[in-house]
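This report concerns a single protein chain and its surface. Please consult the sequence and the model shown below.

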Amino acid sequence: MMINPMFLGLGMPEVIVIMLVVLLLFGGKKVPELMKGLGKGVRSFKEGMNGLDNDEEQTKGTQKENVDDKQE
């Protein structure tokens, strides 16, 4: 994955300053834990979104079966 240098209108110097501030606020040991938690949250969100997509597909299939049963 390539990082867009103009992500949200931020250039590389701004991103570096933000990273340094985060490092100063949370310390070197806490940053990896924060990123790990963030990664788990993103993964959980994606799984939830995939679950919603699967539920919608199953619901559509069930509705189609119900319509087919009524036509018979």
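The following paragraphs treat the overall fold, a nonpolar patch, a pocket and a salt bridge.

**Overall architecture.** The model is predicted. Its secondary structure consists of 2 helices and 0 strands. Helix H1 covers residues 12–26 and helix H2 covers residues 30–71. Of the 72 residues in the protein chain, 1% are buried. The chain exposes about 6,900 Å², and 65% of that area is supplied by carbon and sulfur atoms.

**Nonpolar surface patch.** Eight side chains need not be sought one by one, as the members are listed here: Val17, Val21, Leu25, Phe26, Leu34, Met35, Leu38 and Val42 form a nonpolar surface patch of about 730 Å². Both helices take part, since H1 and H2 each supply at least two residues of the patch. Val17, one of the patch residues, lies in helix H1.

**Second largest pocket.** The second largest pocket has a volume of about 170 Å³. H1 and H2 are the elements that give two or more residues to its lining. The lining comprises Ile18, Met19, Val22, Leu23, Val31, Met35 and Leu38. H1 gives the most to this lining, with 4 residues. By class, the lining residues divide into 7 nonpolar, no polar and no charged. Met35 and Leu38 belong to the pocket lining and also to the nonpolar patch.

The areas and the volume are set out below.

| Feature | Value |
|---|---|
| Protein chain, exposed area | about 6,900 Å² |
| Nonpolar surface patch, area | about 730 Å² |
| Second largest pocket, volume | about 170 Å³ |

**Salt bridge.** How many salt bridges does the structure hold? The structure holds 1 salt bridge. Side chains of opposite charge can pair when their charged atoms come close. Here Glu33 pairs with Lys30, and the closest N and O atoms are 3.4 Å apart. Glu33 and Lys30 are separated by about one helical turn because they are 3 residues apart in helix H2. Lys30 has 40% relative accessibility and therefore counts as partly exposed, a class that lies between under 20% for buried and over 50% for exposed.

How values were computed:
Residues numbered from 1 in each chain as written. Predicted model: local features only at pLDDT ≥ 70, side-chain atom pairs only at ≥ 80, totals over all residues. Heavy atoms only, no water. Patch = residues over 30% accessible without salt bridge, like charges linked within 9 Å, V, L, I, M, F, W, Y side chains within 5 Å. Areas by Shrake-Rupley, 256 points an atom, 1.4 Å probe, with all protein chains shown as cover. Salt bridge = Lys/Arg side-chain N within 4 Å of Asp/Glu carboxyl O. Buried < 20%, exposed > 50% of the residue type's maximum accessible area, 1.4 Å probe, protein only. 1 Å grid on protein atoms, 1.4 Å probe; cavity = no way out; pocket = protein on both sides within 12 Å on 5 of 7 lines; lining within 4 Å. Points joined across faces, edges and corners; volume = space filled by probe spheres on them. Nonpolar A, V, L, I, M, F, W, Y, C, P; charged D, E, K, R; others polar.
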